[in-house]
Amino acid sequence: EGEGEEAHSPEALEAEARLLLPHCWRLLLGCFEGRLPEGAPSRRVLRLLRSYGEGWLGSLVAALERNALPASGAGCADPATGGAGAVLPEGVVLSAAGSMLNHSCVPSCAVVFGDEAAKGGEWTGWGRVSLLALRDLAPESELTISYVDTSLPLAARTAALRAMHGFVCRCEKCEVQRGVARVRKMHPAGSDERLEALRAFGLRALEEGLYEDAVAIHRRLLREAALADEELSKPAEIWRARRRRGDALLRLGGALQRLHRFDEARAAWLGGSEALPEHAELRREAAAARAYHIAPPPHASPPGKRKRPAAEARILAAGGGRRIALSLQPLLSPAVCDRVVELCEASAAKAGGWSTLRHTSVPTTDMEVRGVDEVLTLFNECCASSLFPFLEATYAESRLKVSASRLRVWDAFVVRYDAAAQRSLPTHQDDSHLSLTIALNETGEYDGGGTSFEDLGGEGFVRPEKGCVVAFPGELRHGGRAVTRGVRYIIAVFLWVAEESP
């Protein structure tokens with residue numbers, strides 16, 4: 001019946017298992033004896049099983065526990081058949097291929113059962129076991145899953161893996177977290193050795209894509225550095241400490257951005273540039289944050305000013321209720337489009353060509369909108385007059401709850417696709433709540449081109465006319481179709497929806 005915690009201690013459970021094992025073994029033998037057909041083969045099987053003894057059953061159960069995949073019906077869409085709020089079926093699934101998958105606390109795949117992946121999350125039973133890639137994977141890279149809940153603290157994950165699977169995880173997440181724990185034990189708070197070690201582990205976490213860990217480490221570094229820096233007096237020490245704080249704020253903002261915590265990232269960069277104006281990278285990020293249009297809240301509009309009606313959109317449905325919207329009227333006038341292309345080509349000619357270095361993961365041949373003053377002015381005017389009202393009208397009722405006053409431009413850049421140079425862009429996702437593609441030249445000036453979307457099928461793409469816009473959630477996987485003749489110009493825009501209006 002369980003009297004207090006002693007009844008549930010590991011020692012008590014182990015003693016209980018030793019008592020139950022012979023009984024379970026007899027039940028298993030009786031089951032085989034009752035179900036096996038008469039004949040010599042069945043008698044040989046029974047003799048073999050009896051020779052193994054009850055210890056074999058314990059080994060078998062342990063092997064099954066270590067190799068089985070935990071399964072549940074999570075993801076059901078209909079509560080009547082096991083959806084949200086219902087008691088979901090749970091168990092384990094044995095799969096020869098699945099048991100060969102190694103563990104990582106930063107898994108590359110998740111196990112799904114039935115046809116969850118194909119049915120948009122609707123559970124259809126235990127029909128099959130599939131692997132769902134959690135990120136883009138390079139060819140020949142190892143497929144891993146997690147044997148434990150990765151949200152657990154390091155100590156809990158380590159204990160569970162050692163108890164159930166007999167090993168200590170050495171994945172990058174565990175190594176970073178163990179390293180930070182060692183640093184905190186070895187060096188006193190605020191010491192230069194401790195701050196430098198935290199800086200190194202924070203950078204390592206950021207480079208390995210451990211963004212939650214990077215945020216936690218950099219925030220700890222900033223707290224401890226703030227106290228330690230008050231006692232510095234030598235100019236060289238003060239300069240070094242300020243540089244370290246600036247780097248930490250820059251990387252903190254980068255990690256927050258990758259987690260789509262855009263408001264926090266913007267606050268880190270703006271506050272950092274004010275406190276540390278000598279830090280060039282922080283100044284650059286702060287300048288980008290201040291450069292783009294921010295609409296006033298609705299009550300701040302001048303009295304009597306009539307709101308311009310938003311352009312109509314053609315809505316293309318994507319998975320999970322997400323919308324791809326194509327404006328049916330140009331949101332940028334032909335004159336504005338032509339002027340933007342003219343200014344960017346002139347600027348590129350002075351600079352020795354278009355840049356290909358701004359984006360490392362999915363590089364484009366581009367130029368920042370804010371890098372050319374007149375282009376920035378034209379873009380901000382279009383945000384105020386047409387782009388933001390269009391997005392508000394299109395996405396106000398979506399899960400993003402878009403309003404013009406809460407939209408923020410994260411990045412905007414003019415892209416040049418050339419049949420003789422960079423023709424296309426691979427399939428990817430954007431770090432944004434919403435992304436825009438604004439066509440700057442006529443479709444007759446090039447062949448091919450357009451934005452392709454995985455959710456629209458293999459041939460699904462959108463090719464807007466000059467001045468028209470394609471809007472979509474940044475999480476949708478998309479790419480730039482190859483231009484096979486001529487040159488195509490677009491403005492790519494990444495936006496987020498702020499928590500509050502200004």
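The following exercises, with worked solutions, concern a predicted model of a protein.

**Exercise 1. Overall composition**

Determine how many helices and strands the protein has, and what share of its residues counts as buried.

Solution. Begin with the secondary structure: the protein contains 12 helices and 18 strands. Next, consider burial, for which the cut-off is a relative accessible area under 20%. Of the 502 residues, 43% count as buried. Then turn to the surface: about 27200 Å² is exposed, and carbon and sulfur atoms supply 54% of this area. Finally, examine the contacts with a separation of 6 or more: 70% of them join residues 24 or more positions apart.

**Exercise 2. An open sheet**

State the strand order of the open sheet formed by 4 strands, and identify its edge strands.

Solution. The order is β11-β17-β14-β15, with antiparallel pairing. The edge strands are β11, residues 425-428, and β15, residues 461-462, each of which pairs on one side only. As a further step, take the pairing of β14, residues 451-453, with β15: these strands are antiparallel and share 2 bridges. Within this part of the sheet, S452 stands opposite F461 of β15.

**Exercise 3. Positive phi angles**

Locate E140 and K401 in the chain, and decide whether each is buried, partly exposed or exposed.

Solution. The background is a general one: most residues other than glycine have a negative phi. E140 is not a glycine, yet its phi is positive, at about 70 degrees. This residue lies in the loop between β5 (129-133) and β6 (144-145). Its relative accessibility is 83%, so E140 counts as exposed, the cut-off for that class being over 50%.

K401, likewise a residue other than glycine, has a positive phi near 50 degrees. Its place is the loop between α12 (373-395) and β10 (407-418). With a relative accessible area of 48%, K401 is partly exposed.

**Exercise 4. Confidence in the model**

Report the average pLDDT of the protein, and describe the contacts of residues 1-6 and 116-121, where pLDDT stays under 50.

Solution. The average pLDDT is 85, and 85% of the residues score at least 70. For residues 1-6, where pLDDT stays under 50, the model has 3 contacts beyond four places in sequence. For residues 116-121, where pLDDT also stays under 50, the model has 11 contacts beyond four places in sequence.

Key
Residues numbered from 1 in each chain as written. Predicted model: local features only at pLDDT ≥ 70, side-chain atom pairs only at ≥ 80, totals over all residues. Heavy atoms only, no water. Buried < 20%, exposed > 50% of the residue type's maximum accessible area, 1.4 Å probe, protein only. Contact = heavy atoms within 4.5 Å. Areas by Shrake-Rupley, 256 points an atom, 1.4 Å probe, with all protein chains shown as cover. Pairing = 2+ DSSP bridges. pLDDT = per-residue confidence, 0-100.
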